[in-house]
Amino acid sequence: MSVGDRYGPTVYERVQATPEFGDLRRRRRRFVFPMSALFLVWYLAYVLLASYAPEFMAIRVAGNVTLGLVIGLLQFVTTFVITTAYVRFAARKLDPAAAAIRQEIES
């Protein structure tokens, strides 16, 4: 038996039931799930190209720099871009909503 069952819903359970909290969760999911799927597809494409198209990945772009090396380095760039985009998204959309919910709980 949980504390909520014995004494009624806890403050956390009440907050989770609010439309504002549901909206906050939906906003986060709308960013995180598609971005994660996109990055996983991008990464899987890199692994598949490395495994099944080594001739393609061995194409020289400049000097000893191959296409595989460029695509591999772009994986790191993509990670930084996604992280920056999420930080900006969270600062604009998630943090103000979370602060409003927090303010409501604390008052």
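Good morning. A search of the whole structure, which is a predicted model, finds 2 aromatic pairs. I shall take them in turn and then turn to the helix that carries the shared residue.

In the first pair, the ring centres of Phe31 and Tyr86 lie 5.5 Å apart, and the planes meet at 50 degrees, so this pair is classed as tilted. Phe31 belongs to helix H3, while Tyr86 belongs to helix H5, which covers residues 67-106; the pair therefore ties together parts that are 55 residues apart in sequence. With a relative accessibility of 15%, Phe31 counts as buried, because the cut-off for that class is under 20%. Tyr86, by contrast, has a relative accessible area of 30% and is partly exposed.

The second pair joins Phe31 to Phe89. Here the centres are 4.7 Å apart and the planes are at 15 degrees, so the pair is stacked; the threshold for that label is an angle under 30 degrees. Phe89 sits in helix H5 and Phe31 in helix H3, so this contact between rings ties together parts that are 58 residues apart in sequence. Both of these phenylalanines, Phe31 and Phe89, are buried. Taken together, the ring pairs link Phe31, Tyr86 and Phe89 into a cluster.

Let me now consider the neighbour of Phe31 in the chain. Val32 is also found in helix H3, which runs over residues 19-52. Its relative accessible area is 22%, so Val32 is partly exposed. Between the C-alpha atoms of Val32 and Tyr86 the distance is 8.1 Å, although the two are 54 residues apart in sequence.

What of helix H3 as a whole? How far apart are its end C-alpha atoms, and which span should its 34 residues have? At 1.5 Å a residue, the expected span is 50 Å; the end C-alpha atoms are 48 Å apart, which agrees. The helix nevertheless contains a kink of about 25 degrees, centred on Arg29.

Which residues of H3 are buried? They are Gly22, Leu24 and Phe31. And against which helix do the buried residues of H3 pack? The partner is H5.

To summarise, Phe31 takes part in a tilted pair with Tyr86 and in a stacked pair with Phe89. Both partners are in helix H5, whereas Phe31 is in helix H3. The buried residues of H3, with Phe31 among them, pack against that helix, H5. Thank you for your attention.

How values were computed
Residues numbered from 1 in each chain as written. Predicted model: local features only at pLDDT ≥ 70, side-chain atom pairs only at ≥ 80, totals over all residues. Heavy atoms only, no water. Helix = DSSP H or I, 4+ residues; strand = E, 2+ residues; numbered from the N terminus. Buried < 20%, exposed > 50% of the residue type's maximum accessible area, 1.4 Å probe, protein only. Phe/Tyr/Trp six-rings, centres within 6.5 Å; stacked < 30°, edge-to-face > 60°. Expected span 1.5 Å × (residues − 1). Bend = angle between axes of the 7 residues up to and from the residue. Contact = heavy atoms within 4.5 Å.
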